[in-house]
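Me: Hi! Could you walk me through this model?
Reply: Happy to, here it is.

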Amino acid sequence: MQNRERVIDLRALLRCVLEKWRLILLAGLVICAVLAGKEGYAQYKLYQEGQQASTEQAPVVNEAGTKAAELKRINDVIENKNTYFVNSILGKIDPAKEGRATADLVVMTGADMTAEAAVQTPEAPAEGTEAAQETQTETAAGQETAAEAAQETQAAQPAENETDRRMRTTSLVNYYISCVNYRIDYTAVAKELGVDAVLIPELVSVTDSIKDDNMASITVIYPTEDGAEKIRDAILVQVSGLTVQAQEQYGRHTLQIVNEASAVVQDSSLYKWAYTRTSEITSLINNRKTLEKNLSSGVTAPSVAKISKRDAAMAAARQGVIGLAAGIIGAMIVIAFYLIAAGKVLSGRELNRHYGLRRIACVPGRKYGTLKGLDKLAASVDAGYYNHPKRSVCLQVADAGIRSLMRRDAQIALVSDLPTEYVEKLAAEMNKLGQGSGAIRYFAVPCVQQTPDSIEALDNCDAAVLVAKAESSTYKGTGDVLDAAGLLGREVIGSIVLM
C-alpha cells in the first residue's frame, strides 16, 4: 500500500550524494581556482602599487593653503547666491498667483508694402506721464523718418525673390529678439515699481515662433498682473522705437505688435526654480563643512598600503579555501535537490517502506568488496540493508525467498520502470540460478509502455516482483508499474532493488 507522503531517508540521500564525490570535488576546485585567481590578481595590483609608491618621491604640496583658499571662495559664492535668492523678484512670485503679460512681434516684408505701413507701434502708455510724452515724441519722429526712408527705398530697391525675403525676415526677427534681451532700459519702469532694474531681465523671456518664421513672442512675469503689464509696455515702446535702425540696416518692413494679453496664472516651474536654487546653496554648505573639518583635523596625503609577497599569497590561499568549501557544499546541495525534485528512488529501504513491500533482495550495484576510499565510504553508509556484499549471492537469496512464497513451477513477472533490456538481463540471471525440475521461471514484462503481448504475459504469470534501481527508477514510474500490475489482479509479492 502506497503512503500518501514520501518520507526521505537521509542516510540514503547522503549515500547518493557522496557517490558523486568526483563531481563535487571538481565543482569545488573550479570555484577555488576562480576565487583564488581573482584575489591573487587584486593582491598583485596592491603589491605593485606599494612598490611603485616606495620608489617615487611624492611632490610636496601646500594642501592646507589650497583648501583654505577654496573655503574662502565657497563662502563668497554662498553669500552671493543667498543674496540673489533673497532679493530676486522671482523668489517673491506666488506660483499659484503669478502675474503674466504677453505680446507677439510680427515682422512683415514685401515689395507691395506702402511707406505709410512701414512702421506700426503699440499704444503708448497713459497720457500725463513723463515717459509717455518722451516716447510719443521719439516714436513720431521715428515714424516720419522711416516713412521717408521707405518711400526713397521703395523706388530704388529691385524686387526681391522669396528666398531673400525669408532670410531678411528671419534676420529681422532675430534683431528684435536681441533688442528685447539686451537693449531694453528698465530704469524708468523699475523706479515706478520700486524694484532694482537689474532684477527685471530674468522676468522677461522672448522666443521665436515655431509655427511662423516672422513672429517672436514676449512673456513677462511678475508678482502682480499690473506689474507684468507695465514691464511689457515698456519693452514694446522701446522696441518700436528701434525700428528706425532696423529700417536702415535691413530695409523696408513692418513691425506689428499683436495679441497683447495679461492674466493671473499658475506656474509650477517656479517650484523647480526654487528647488534648484536651494539645492545649490545646500551643496555648497555641505562642501564648506567638509573643508572646514579637513582643515581643523589636519589634511594628510593618502597613503598606499604596502603588502609583501607572502601576504598576497596568503590572501589568495584563504580565498581559495573558501571557494573550495563553497563549491563542495554548493554542489552537494544542488545534487541533493535534484534527486529529491526528480523523485528518484534513493534506496531499497526507502522504497519498501513507501509502498509497504517485502524486501526480496537488496543488491549492491557494483562489486562492493573491491571498493576503496571515498567510494567504499559512500557505499557503506546504507550497506546494512544489503542481503550480501556479493551480487550473485543476493540473487540466490532472492530466488530462495520467492520459492518460499510461491508454489513450485510458478511463473514470476519482473515488472519495472527500467529499460526492458536491463530487466531481461536480470531475468536471465535469475533463471540461470533456478535451473532444474520445479524451478520458478522469471519473465521480464515491460509495464511502462504496455502492449497486448505484455498484458498477456503479465496475465499468464502467477505473481509479480518489482525491480528498481537506486537513482535510476522514480517514484512516479514505479507507481505506474504497480498500478498496471494491480489492474490485472497480480499481487506484487516484494521488490528486488539494485543499489
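Reply: One term up front: a residue is called buried under 20% relative accessible area, exposed over 50%, and partly exposed in between. By that scale Glu 260, at 38% relative accessibility, is partly exposed. Also keep in mind that this is a predicted model.

Me: Ok, what does Glu 260 pair with in a salt bridge?
Reply: With Arg 232; the two side chains meet at 3.7 Å, N to O. Glu 260 sits in strand S4 and Arg 232 in helix H7, 28 residues apart, and the pair links distant parts of the chain.

Me: And Arg 232, buried or exposed?
Reply: Arg 232 is buried, at 7% relative accessibility.

Me: Let's back up. What is the average pLDDT of the protein chain?
Reply: The average is 80, and 81% of the residues score at least 70.

Me: Where does pLDDT stay under 50?
Reply: One such stretch is residues 57-61, which have zero contacts in the model beyond four places in sequence. Residues 114-129 are also below 50, but that stretch has 35 contacts in the model beyond near neighbours in sequence.

Me: How many helices and strands are there in the protein chain?
Reply: The secondary structure comes to 16 helices and nine strands. Of the 499 residues, 38% are buried. Among contacts between residues at least 6 apart in sequence, 85% join residues at least 24 apart.

Me: Now the sheets. What is the order of the five strands in the open parallel sheet?
Reply: The order is S5-S9-S8-S6-S7. Strand S5 (359-363) and strand S7 (441-446) are at the edges with a single partner strand each, so one side of each has no neighbour in the sheet. On average, neighbouring strands are turned by 25° against each other, ignoring direction.

Me: How many bridges join S5 to S9?
Reply: Four, with S5 and strand S9 (residues 492-498) running parallel. Within that pairing, Arg 359 is opposite Ser 495 in S9.

Me: Which helix packs on the sheet and touches S7?
Reply: Helix H14 (residues 420-433) does; besides S7 it touches strand S6 (411-416), strand S8 (463-469) and S9. The direction of H14 makes about 175° with that of S7. Helix H16 (residues 475-487) lies across S6, S8 and S9, and runs at about 175° to S8.

Me: What about the open sheet of four strands, parallel or antiparallel?
Reply: Antiparallel, in the order S2-S3-S1-S4. Its edge strands are strand S2 (204-208) and strand S4 (254-265), each pairing on one side only. The twist from one strand to the next averages 15°.

Me: How many bridges do S1 and S4 pair over?
Reply: Ten, with strand S1 (residues 98-108) and S4 paired in the antiparallel sense. One facing pair is Thr 102 and Ala 261, the latter in S4.

Me: And what does H7 lie across?
Reply: Helix H7 (residues 225-241) lies across S1, S2, strand S3 (215-222) and S4, running at about 170° to S4. That is the helix holding Arg 232, the salt-bridge partner we started with.

Me: Back to charges, then. How many salt bridges does a search of the whole structure find?
Reply: It finds 13. One of the pairs is Arg 353 with Asp 9, at 4.0 Å from N to O. Arg 353 lies in helix H11 and Asp 9 in the segment before helix H1 (10-18), so the pair ties together parts 344 residues apart in sequence. Arg 353 is partly exposed at 41% relative accessible area, whereas Asp 9 is buried at 9%.

Me: What does Lys 81 meet in a salt bridge?
Reply: Glu 280, at 3.1 Å from N to O. Lys 81 is in helix H3 (residues 63-87) and Glu 280 in helix H9 (residues 269-297), 199 residues apart. Both are partly exposed: Lys 81 at 29% relative accessibility and Glu 280 at 30%. There is also a network of salt bridges linking Glu 98, Arg 100 and Asp 267.

Me: Which buried Lys has no salt bridge?
Reply: Lys 344 fits that description; the nearest side chain of opposite charge is Asp 417, 7.9 Å away. Lys 344 lies in the loop between helix H10 (309-341) and helix H11 (348-355).

Me: What is Lys 344 in contact with, then?
Reply: Leaving aside neighbours within four places in sequence, its contacts include Arg 6, Tyr 338, Glu 350, Glu 471 and Tyr 475.

Notes:
Residues are numbered from 1 along each chain as its sequence is written. Side-chain values use heavy atoms; hydrogens and water are left out. pLDDT is the predictor's confidence in each residue, from 0 to 100. Contact means heavy atoms within 4.5 Å. Two strands pair if DSSP finds at least two bridges between them. Helices (H or I, at least four residues) and strands (E, at least two) are DSSP runs, numbered from the N terminus. Axes are lines fitted to C-alpha atoms, for helices over the stretch in contact, and angles run from 0 to 180 degrees between N-to-C directions. Buried means under 20% relative accessible area, exposed over 50%, partly exposed in between (1.4 Å probe, protein chains only). Lys and Arg count as positive and Asp and Glu as negative; His and the chain ends are not counted.
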